[in-house]
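Student: I would like to take a close look at the cysteines of this protein and at the links they form. Could you please guide me through that part in detail, and then set it beside some other features of the model?

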Amino acid sequence: MTCTITKWTPSEEGTFVLSHIPNDTIYLRLVNLKASSFNVETFGQIKNVGLDVEIERSSVQSVTMPSFSNLQRLELDRTYLTDITFEAVNRRLKYLTITNSRLKNVPGTIVHLAALENLEISKSPIEAVNLNLFSKLKNLVQLNLCNNQILFLHVTEVATDDFAKLSHLFLAGNHLSSINSSSFNGMKALETLDLQRNLIKHVHGAPKSNSLKQLDLSKNHIEELYCCDWNLPNLNQLLLGSNELTWIPSCLPTTMPKLLYLGLASNALKDDDIWQDVVTMEYLTQLDISSNHLKRAVYQSVSLALSMLDLQKNDIEVLSVPIAGKQLRIVASYNLIKSLDIKSLSPNISSLDMFCNPLDCSFNRERMWIDEEVVCVEGKKNCVPLQNITLHIDHSSVP
(Lines give C-alpha, C1' and ligand atoms only; values in the text may rest on other atoms or scores of the structure.)
Protein backbone atom coordinates (compact mmCIF):
# COMPACT_ATOMS: atom_id res chain seq x y z
CA MET A 1 0.00 0.00 0.00
CA THR A 2 1.17 3.53 -0.83
CA CYS A 3 0.67 6.42 1.58
CA THR A 4 1.27 10.03 0.47
CA ILE A 5 1.88 12.92 2.84
CA THR A 6 1.82 16.37 1.26
CA LYS A 7 3.24 19.65 2.60
CA TRP A 8 4.28 18.23 5.95
CA THR A 9 6.23 20.67 8.16
CA PRO A 10 7.91 18.54 10.89
CA SER A 11 9.19 21.60 12.84
CA GLU A 12 5.60 22.82 13.35
CA GLU A 13 3.48 19.67 13.15
CA GLY A 14 5.79 17.20 14.82
CA THR A 15 5.48 13.50 13.99
CA PHE A 16 1.79 13.12 14.76
CA VAL A 17 1.00 12.40 11.12
CA LEU A 18 3.35 9.39 11.11
CA SER A 19 1.42 7.67 13.88
CA HIS A 20 -1.60 7.50 11.58
CA ILE A 21 0.11 5.73 8.72
CA PRO A 22 -1.71 2.43 8.00
CA ASN A 23 0.08 -0.69 9.20
CA ASP A 24 0.09 -2.21 5.72
CA THR A 25 1.94 0.75 4.17
CA ILE A 26 5.02 -0.35 2.26
CA TYR A 27 5.62 2.81 0.18
CA LEU A 28 5.61 6.26 1.79
CA ARG A 29 5.71 9.40 -0.37
CA LEU A 30 6.58 12.78 1.09
CA VAL A 31 5.61 15.45 -1.42
CA ASN A 32 6.65 19.08 -0.80
CA LEU A 33 8.27 18.26 2.53
CA LYS A 34 8.72 21.58 4.33
CA ALA A 35 12.15 21.21 5.93
CA SER A 36 15.69 22.31 5.10
CA SER A 37 17.17 19.30 6.87
CA PHE A 38 15.68 15.90 7.62
CA ASN A 39 16.78 12.94 9.72
CA VAL A 40 15.44 9.59 8.60
CA GLU A 41 15.40 8.66 12.28
CA THR A 42 12.07 10.47 12.27
CA PHE A 43 10.56 7.33 10.73
CA GLY A 44 11.70 5.30 13.73
CA GLN A 45 8.20 5.13 15.17
CA ILE A 46 6.95 3.43 12.01
CA LYS A 47 7.36 -0.27 12.68
CA ASN A 48 6.66 -1.45 9.14
CA VAL A 49 9.51 -3.75 8.14
CA GLY A 50 11.01 -3.07 4.70
CA LEU A 51 9.49 0.40 4.28
CA ASP A 52 10.25 2.31 1.05
CA VAL A 53 10.34 6.11 1.22
CA GLU A 54 10.33 8.75 -1.52
CA ILE A 55 10.88 12.46 -0.90
CA GLU A 56 9.98 14.55 -3.94
CA ARG A 57 9.59 18.19 -4.88
CA SER A 58 11.05 19.34 -1.59
CA SER A 59 13.30 22.17 -0.45
CA VAL A 60 15.22 19.77 1.79
CA GLN A 61 18.97 20.42 1.55
CA SER A 62 20.42 17.96 4.02
CA VAL A 63 19.46 14.38 4.90
CA THR A 64 20.87 12.11 7.60
CA MET A 65 20.25 8.38 7.73
CA PRO A 66 21.05 6.49 10.95
CA SER A 67 22.55 3.02 10.91
CA PHE A 68 19.52 1.45 12.59
CA SER A 69 17.00 2.71 9.99
CA ASN A 70 14.60 0.03 8.74
CA LEU A 71 14.27 1.52 5.25
CA GLN A 72 15.04 -0.75 2.30
CA ARG A 73 14.58 1.91 -0.37
CA LEU A 74 15.12 5.67 -0.29
CA GLU A 75 14.38 7.96 -3.25
CA LEU A 76 14.96 11.69 -3.41
CA ASP A 77 13.69 13.43 -6.54
CA ARG A 78 13.60 17.12 -7.40
CA THR A 79 15.03 18.42 -4.15
CA TYR A 80 17.57 21.08 -3.12
CA LEU A 81 19.75 18.35 -1.66
CA THR A 82 23.42 19.36 -1.27
CA ASP A 83 24.43 16.91 1.45
CA ILE A 84 23.42 13.44 2.58
CA THR A 85 25.06 11.45 5.37
CA PHE A 86 24.83 7.72 6.06
CA GLU A 87 25.89 6.62 9.52
CA ALA A 88 27.94 3.44 9.90
CA VAL A 89 26.96 0.65 9.53
CA ASN A 90 23.64 0.48 7.67
CA ARG A 91 22.67 -3.11 6.82
CA ARG A 92 19.11 -2.47 5.59
CA LEU A 93 19.13 -0.02 2.68
CA LYS A 94 19.26 -1.85 -0.66
CA TYR A 95 18.06 0.78 -3.12
CA LEU A 96 19.10 4.43 -3.19
CA THR A 97 18.01 6.93 -5.85
CA ILE A 98 18.96 10.60 -5.90
CA THR A 99 17.89 12.51 -8.99
CA ASN A 100 17.44 16.17 -9.88
CA SER A 101 19.40 17.31 -6.85
CA ARG A 102 22.09 19.93 -6.15
CA LEU A 103 24.73 17.42 -5.09
CA LYS A 104 28.19 18.35 -6.37
CA ASN A 105 29.92 15.24 -5.08
CA VAL A 106 29.09 11.62 -4.42
CA PRO A 107 28.64 11.45 -0.63
CA GLY A 108 31.67 9.81 0.95
CA THR A 109 29.59 8.08 3.62
CA ILE A 110 27.98 5.93 0.94
CA VAL A 111 30.64 3.36 1.85
CA HIS A 112 28.58 2.66 5.00
CA LEU A 113 25.70 1.14 3.04
CA ALA A 114 26.74 -2.48 3.35
CA ALA A 115 23.53 -3.92 1.84
CA LEU A 116 23.25 -1.52 -1.10
CA GLU A 117 22.38 -3.31 -4.38
CA ASN A 118 21.19 -0.54 -6.68
CA LEU A 119 22.45 3.04 -6.65
CA GLU A 120 21.37 5.92 -8.88
CA ILE A 121 22.66 9.48 -8.63
CA SER A 122 21.57 11.34 -11.75
CA LYS A 123 20.70 14.78 -13.09
CA SER A 124 22.92 16.49 -10.54
CA PRO A 125 25.88 18.91 -10.95
CA ILE A 126 28.54 16.30 -10.17
CA GLU A 127 31.74 16.95 -12.16
CA ALA A 128 34.18 14.33 -10.87
CA VAL A 129 33.75 10.79 -9.56
CA ASN A 130 36.17 8.43 -7.87
CA LEU A 131 34.77 5.00 -8.73
CA ASN A 132 36.93 3.41 -6.03
CA LEU A 133 34.42 4.84 -3.56
CA PHE A 134 32.04 2.04 -4.61
CA SER A 135 34.60 -0.75 -4.74
CA LYS A 136 33.96 -2.08 -1.22
CA LEU A 137 30.18 -2.23 -1.57
CA LYS A 138 30.07 -6.02 -1.82
CA ASN A 139 26.38 -6.23 -2.78
CA LEU A 140 26.27 -3.41 -5.34
CA VAL A 141 24.96 -4.79 -8.66
CA GLN A 142 23.92 -1.65 -10.56
CA LEU A 143 25.45 1.83 -10.52
CA ASN A 144 23.72 4.60 -12.47
CA LEU A 145 25.52 7.95 -12.75
CA CYS A 146 23.77 9.13 -15.92
CA ASN A 147 22.98 12.71 -16.91
CA ASN A 148 25.25 14.48 -14.48
CA GLN A 149 28.08 16.82 -15.49
CA ILE A 150 30.94 14.39 -14.99
CA LEU A 151 34.16 15.55 -16.62
CA PHE A 152 36.57 13.20 -14.86
CA LEU A 153 36.51 9.57 -13.77
CA HIS A 154 39.11 8.30 -11.37
CA VAL A 155 39.88 4.62 -10.80
CA THR A 156 43.05 3.24 -9.26
CA GLU A 157 44.17 -0.37 -9.14
CA VAL A 158 41.73 -2.48 -7.18
CA ALA A 159 41.95 -5.62 -5.08
CA THR A 160 40.72 -8.95 -6.39
CA ASP A 161 37.48 -8.84 -4.42
CA ASP A 162 36.62 -5.19 -5.16
CA PHE A 163 33.46 -4.43 -7.16
CA ALA A 164 32.48 -7.99 -6.28
CA LYS A 165 28.97 -7.96 -7.81
CA LEU A 166 28.90 -4.79 -9.94
CA SER A 167 27.30 -5.95 -13.20
CA HIS A 168 25.87 -2.78 -14.74
CA LEU A 169 27.59 0.61 -14.89
CA PHE A 170 25.75 3.51 -16.56
CA LEU A 171 27.63 6.75 -17.28
CA ALA A 172 25.58 8.06 -20.21
CA GLY A 173 24.80 11.73 -20.74
CA ASN A 174 27.84 13.23 -19.02
CA HIS A 175 30.70 15.46 -20.23
CA LEU A 176 33.53 12.94 -20.52
CA SER A 177 35.90 13.84 -23.37
CA SER A 178 38.23 10.84 -23.08
CA ILE A 179 38.11 7.47 -21.40
CA ASN A 180 40.70 4.97 -20.28
CA SER A 181 38.97 1.70 -21.05
CA SER A 182 41.47 -0.22 -18.92
CA SER A 183 39.99 1.46 -15.85
CA PHE A 184 37.15 -1.05 -15.80
CA ASN A 185 39.27 -4.20 -15.98
CA GLY A 186 39.13 -4.68 -12.22
CA MET A 187 35.33 -5.02 -12.32
CA LYS A 188 35.25 -8.79 -12.74
CA ALA A 189 31.44 -9.10 -12.79
CA LEU A 190 30.76 -6.19 -15.17
CA GLU A 191 28.32 -7.08 -17.97
CA THR A 192 27.07 -3.67 -19.14
CA LEU A 193 29.13 -0.51 -19.63
CA ASP A 194 27.13 2.44 -20.96
CA LEU A 195 29.09 5.53 -22.03
CA GLN A 196 26.73 6.87 -24.67
CA ARG A 197 25.91 10.56 -25.07
CA ASN A 198 29.17 11.95 -23.75
CA LEU A 199 31.79 14.08 -25.53
CA ILE A 200 34.32 11.29 -25.93
CA LYS A 201 36.89 11.78 -28.70
CA HIS A 202 39.61 9.45 -27.47
CA VAL A 203 39.43 5.93 -26.07
CA HIS A 204 42.68 4.90 -24.44
CA GLY A 205 43.81 1.64 -22.89
CA ALA A 206 42.67 -1.88 -23.59
CA PRO A 207 39.57 -3.36 -21.94
CA LYS A 208 40.04 -6.97 -20.91
CA SER A 209 37.00 -8.70 -19.49
CA ASN A 210 35.49 -12.16 -19.62
CA SER A 211 32.18 -10.89 -18.25
CA LEU A 212 31.41 -7.80 -20.38
CA LYS A 213 28.45 -8.38 -22.72
CA GLN A 214 27.39 -4.88 -23.79
CA LEU A 215 29.57 -1.85 -24.50
CA ASP A 216 27.80 1.35 -25.58
CA LEU A 217 29.96 4.18 -26.93
CA SER A 218 27.33 5.62 -29.26
CA LYS A 219 26.58 9.33 -29.69
CA ASN A 220 30.08 10.57 -28.93
CA HIS A 221 32.80 12.15 -31.09
CA ILE A 222 35.10 9.18 -31.61
CA GLU A 223 37.13 9.46 -34.82
CA GLU A 224 39.17 6.27 -34.58
CA LEU A 225 39.21 3.15 -32.46
CA TYR A 226 42.07 0.66 -32.25
CA CYS A 227 40.92 -2.59 -30.71
CA CYS A 228 43.81 -4.98 -31.41
CA ASP A 229 44.90 -5.05 -27.76
CA TRP A 230 41.36 -5.49 -26.48
CA ASN A 231 40.17 -8.82 -25.12
CA LEU A 232 36.39 -9.10 -24.80
CA PRO A 233 35.70 -12.77 -25.63
CA ASN A 234 32.05 -12.71 -24.48
CA LEU A 235 30.93 -9.30 -25.73
CA ASN A 236 27.50 -9.57 -27.40
CA GLN A 237 26.74 -5.96 -28.30
CA LEU A 238 29.05 -3.18 -29.44
CA LEU A 239 27.29 0.13 -30.09
CA LEU A 240 29.31 2.81 -31.89
CA GLY A 241 26.57 4.64 -33.78
CA SER A 242 26.55 8.43 -34.17
CA ASN A 243 30.28 9.00 -33.88
CA GLU A 244 32.83 10.33 -36.38
CA LEU A 245 34.53 7.10 -37.41
CA THR A 246 35.97 7.07 -40.93
CA TRP A 247 37.37 3.53 -40.74
CA ILE A 248 35.93 0.46 -39.11
CA PRO A 249 37.54 -0.32 -35.72
CA SER A 250 40.44 -2.73 -36.07
CA CYS A 251 40.62 -6.39 -35.02
CA LEU A 252 36.93 -6.87 -34.13
CA PRO A 253 36.75 -10.55 -35.25
CA THR A 254 39.70 -11.59 -33.08
CA THR A 255 39.11 -9.48 -29.97
CA MET A 256 35.29 -9.78 -29.85
CA PRO A 257 34.58 -13.14 -31.52
CA LYS A 258 31.08 -13.58 -30.06
CA LEU A 259 29.53 -10.31 -31.18
CA LEU A 260 25.83 -10.65 -31.96
CA TYR A 261 25.01 -7.00 -32.62
CA LEU A 262 27.34 -4.40 -34.12
CA GLY A 263 25.98 -0.87 -34.44
CA LEU A 264 27.97 1.55 -36.62
CA ALA A 265 25.19 3.74 -38.02
CA SER A 266 25.66 7.47 -38.57
CA ASN A 267 29.42 7.63 -38.88
CA ALA A 268 31.63 8.49 -41.88
CA LEU A 269 32.74 4.95 -42.71
CA LYS A 270 34.22 4.18 -46.11
CA ASP A 271 34.76 1.07 -48.22
CA ASP A 272 37.52 -1.23 -47.02
CA ASP A 273 38.52 -4.85 -47.53
CA ILE A 274 38.17 -5.42 -43.79
CA TRP A 275 34.37 -5.35 -44.17
CA GLN A 276 34.51 -8.92 -45.44
CA ASP A 277 36.07 -10.04 -42.14
CA VAL A 278 33.32 -8.30 -40.20
CA VAL A 279 30.30 -9.60 -42.10
CA THR A 280 31.56 -13.17 -41.73
CA MET A 281 31.92 -13.06 -37.93
CA GLU A 282 30.53 -16.41 -36.82
CA TYR A 283 27.88 -15.29 -34.32
CA LEU A 284 26.92 -11.91 -35.80
CA THR A 285 23.13 -11.63 -36.16
CA GLN A 286 22.61 -7.89 -36.71
CA LEU A 287 24.89 -5.40 -38.45
CA ASP A 288 23.83 -1.76 -38.76
CA ILE A 289 26.08 0.30 -41.04
CA SER A 290 23.41 2.69 -42.25
CA SER A 291 24.02 6.41 -42.79
CA ASN A 292 27.69 6.18 -43.72
CA HIS A 293 29.75 6.86 -46.87
CA LEU A 294 29.86 3.36 -48.35
CA LYS A 295 29.80 3.02 -52.13
CA ARG A 296 29.92 -0.77 -52.41
CA ALA A 297 28.30 -3.63 -50.55
CA VAL A 298 29.96 -6.56 -52.26
CA TYR A 299 30.50 -9.48 -49.91
CA GLN A 300 31.58 -12.92 -51.07
CA SER A 301 29.61 -14.33 -48.16
CA VAL A 302 28.16 -13.26 -44.85
CA SER A 303 27.79 -15.04 -41.54
CA LEU A 304 25.22 -17.80 -41.63
CA ALA A 305 23.88 -16.35 -38.37
CA LEU A 306 23.28 -12.88 -39.85
CA SER A 307 19.57 -12.02 -39.90
CA MET A 308 19.69 -8.24 -40.41
CA LEU A 309 22.03 -6.21 -42.61
CA ASP A 310 21.17 -2.52 -42.62
CA LEU A 311 22.83 -0.62 -45.48
CA GLN A 312 20.35 2.20 -45.96
CA LYS A 313 21.29 5.86 -46.40
CA ASN A 314 24.75 5.30 -47.91
CA ASP A 315 26.05 5.99 -51.43
CA ILE A 316 26.00 2.34 -52.48
CA GLU A 317 26.01 1.67 -56.21
CA VAL A 318 26.80 -2.05 -56.19
CA LEU A 319 25.15 -4.78 -54.06
CA SER A 320 26.15 -8.45 -54.06
CA VAL A 321 25.65 -11.09 -51.35
CA PRO A 322 25.78 -14.52 -53.06
CA ILE A 323 26.15 -16.62 -49.90
CA ALA A 324 24.05 -16.06 -46.77
CA GLY A 325 22.20 -17.93 -44.06
CA LYS A 326 18.46 -18.43 -44.07
CA GLN A 327 16.11 -15.54 -43.32
CA LEU A 328 18.58 -12.71 -43.91
CA ARG A 329 16.90 -9.33 -44.31
CA ILE A 330 18.79 -6.63 -46.21
CA VAL A 331 17.77 -2.99 -46.02
CA ALA A 332 19.42 -1.01 -48.83
CA SER A 333 16.97 1.85 -49.25
CA TYR A 334 18.16 5.40 -50.00
CA ASN A 335 21.24 4.47 -52.00
CA LEU A 336 22.40 4.91 -55.60
CA ILE A 337 21.85 1.41 -57.00
CA LYS A 338 21.13 1.63 -60.75
CA SER A 339 21.49 -2.05 -61.65
CA LEU A 340 21.28 -5.36 -59.81
CA ASP A 341 21.81 -8.96 -60.85
CA ILE A 342 19.31 -10.91 -58.74
CA LYS A 343 21.52 -13.97 -59.15
CA SER A 344 24.20 -12.14 -57.14
CA LEU A 345 21.90 -12.40 -54.12
CA SER A 346 21.61 -15.62 -52.15
CA PRO A 347 18.24 -17.37 -52.39
CA ASN A 348 18.38 -17.51 -48.59
CA ILE A 349 17.77 -13.76 -48.40
CA SER A 350 14.21 -13.48 -47.12
CA SER A 351 13.63 -9.83 -47.94
CA LEU A 352 15.30 -6.88 -49.62
CA ASP A 353 14.29 -3.25 -49.18
CA MET A 354 15.52 -1.02 -52.02
CA PHE A 355 13.13 1.88 -51.83
CA CYS A 356 14.42 5.23 -53.05
CA ASN A 357 17.16 3.88 -55.33
CA PRO A 358 17.30 4.54 -59.09
CA LEU A 359 16.33 0.86 -59.36
CA ASP A 360 13.94 -0.83 -56.94
CA CYS A 361 14.14 -4.63 -56.68
CA SER A 362 12.47 -4.89 -53.28
CA PHE A 363 10.95 -8.25 -52.38
CA ASN A 364 9.67 -10.28 -49.45
CA ARG A 365 9.73 -14.02 -50.08
CA GLU A 366 7.08 -14.65 -47.40
CA ARG A 367 4.61 -12.78 -49.61
CA MET A 368 5.69 -14.33 -52.90
CA TRP A 369 4.43 -17.42 -54.67
CA ILE A 370 6.76 -20.40 -54.99
CA ASP A 371 9.01 -19.87 -58.04
CA GLU A 372 7.79 -16.29 -58.39
CA GLU A 373 10.55 -14.12 -59.79
CA VAL A 374 11.72 -10.83 -58.36
CA VAL A 375 10.65 -7.86 -60.44
CA CYS A 376 12.75 -4.71 -60.62
CA VAL A 377 11.16 -1.38 -61.39
CA GLU A 378 12.28 2.20 -61.72
CA GLY A 379 12.82 3.64 -58.29
CA LYS A 380 10.72 6.38 -56.78
CA LYS A 381 11.81 9.89 -57.66
CA ASN A 382 9.91 11.70 -54.94
CA CYS A 383 11.10 10.00 -51.77
CA VAL A 384 10.45 11.07 -48.21
CA PRO A 385 13.44 13.08 -46.90
CA LEU A 386 16.06 10.89 -45.25
CA GLN A 387 15.76 12.51 -41.84
CA ASN A 388 12.15 11.40 -41.63
CA ILE A 389 12.94 7.72 -42.12
CA THR A 390 14.03 5.55 -39.22
CA LEU A 391 14.44 1.80 -39.18
CA HIS A 392 13.43 0.23 -35.89
CA ILE A 393 15.42 -2.91 -35.24
CA ASP A 394 14.17 -5.38 -32.66
CA HIS A 395 16.90 -5.84 -30.06
CA SER A 396 14.85 -8.33 -28.10
CA SER A 397 16.54 -11.16 -29.93
CA VAL A 398 19.95 -10.01 -28.73
CA PRO A 399 20.77 -11.45 -25.30
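Tutor: Cys-376 counts as partly exposed in this predicted model, with a relative accessibility of 31%. Its partner is Cys-361, and the two residues form a disulfide in which the sulfur atoms are 2.0 Å apart. A disulfide is a covalent bond between the sulfur atoms of two cysteines. Cys-361 lies in the loop between β26 (359-360) and β27 (363-364), while Cys-376 lies in the loop between β27 and β28 (377-378), so the pair ties together parts that are 15 residues apart in sequence. The torsion about the S-S bond of Cys-361 and Cys-376 is about 115°, so this disulfide is right-handed. As for its surroundings, Cys-361 has a relative accessibility of 0% and therefore counts as buried, whereas Cys-376, at 31%, is partly exposed.

The count for the structure comes to 2 disulfides. Cys-228 and Cys-251 also form such a link, with their sulfur atoms 1.8 Å apart. Here the angle about the S-S bond is 65°, and the link of Cys-228 and Cys-251 is right-handed. Cys-228 sits in the loop between β17 (214-216) and β18 (237-239), and Cys-251 sits in the loop between β18 and α2 (252-255), so this pair ties together parts that are 23 residues apart in sequence. Cys-228 is partly exposed, with a relative accessible area of 44%. Cys-251 is partly exposed as well, with a relative accessible area of 23%.

Two further cysteines deserve a remark. Why does Cys-227 not form a bond with the closest cysteine sulfur? That closest sulfur belongs to Cys-228 and is 7.3 Å from the sulfur of Cys-227, which is too far for a bond. Cys-227 is buried, with a relative accessible area of 0%. Cys-3 is also buried, with a relative accessible area of 15%.

From the cysteines we may turn to the enclosed spaces. The structure holds 2 cavities of 30 Å³ or more. The largest cavity has a volume of about 80 Å³, and its lining includes Ser-181, Phe-184, Asn-185, Leu-190 and Leu-193. Among the other residues that line the largest cavity are Pro-207, Ser-209 and Leu-232. By class, this lining has 7 nonpolar, 3 polar and no charged residues. The second largest cavity has a volume of about 50 Å³. Residues such as Ile-179, Leu-195, Val-203, Leu-217 and Trp-230 belong to the lining of the second largest cavity, which divides into 9 nonpolar residues, 1 polar residue and no charged ones. Ser-181 is one of the residues that line the largest cavity, and Ser-181 is also one of those that line the second largest cavity.

A pocket offers another kind of space to examine. The second largest pocket has a volume of about 190 Å³. The elements that give two or more residues to its lining are α3 (275-279) and β21 (296-298). The largest share of that lining, 3 residues, comes from β21. Asp-271, Asp-272, Asp-273 and Arg-296 are among the residues that line the second largest pocket, and so are Trp-275, Gln-276 and Tyr-299. In this lining 5 residues are nonpolar, 1 is polar and 4 are charged.

Finally, let us consider some of the strands. Strand β22 (residues 308-310) pairs with strand β24 (residues 328-331) in the parallel sense over 3 bridges, and the bridge partner of Asp-310 in β24 is Val-331. Strand β24 also pairs in the parallel sense with strand β25 (residues 349-353), over 4 bridges. In β25, Asp-353 is the bridge partner of Val-331. Val-331 thus has one bridge partner in Asp-310 and another in Asp-353.

Elsewhere in the chain, strand β5 (residues 62-65) and strand β7 pair in the parallel sense over 4 bridges, and Met-65 stands opposite Phe-86 in β7. Strand β7 (residues 83-86) has a covered face, formed by Ile-84 and Phe-86, and an uncovered face, formed by Asp-83 and Thr-85. Phe-86, which stands opposite Met-65, therefore belongs to the covered face of β7.

Note on methods
Residues are numbered from 1 along each chain as its sequence is written. This is a predicted model: local features need pLDDT of at least 70, side-chain atom pairs count only at pLDDT 80 or more; totals for chains, interfaces and linings use all residues. Side-chain values use heavy atoms; hydrogens and water are left out. Two strands pair if DSSP finds at least two bridges between them. On a 1 Å grid over the protein atoms alone, a cavity is a set of points where a 1.4 Å probe fits but cannot get out, and a pocket is an open set with protein on both sides within 12 Å along at least five of seven lines; lining residues have an atom within 4 Å of a point. Grid points are joined across faces, edges and corners, and a volume is the space filled by probe spheres set on the points. Ala, Val, Leu, Ile, Met, Phe, Trp, Tyr, Cys and Pro count as nonpolar, Asp, Glu, Lys and Arg as charged, and the others, Gly among them, as polar. Buried means under 20% relative accessible area, exposed over 50%, partly exposed in between (1.4 Å probe, protein chains only). A disulfide is a pair of cysteine sulfur atoms within 2.5 Å.
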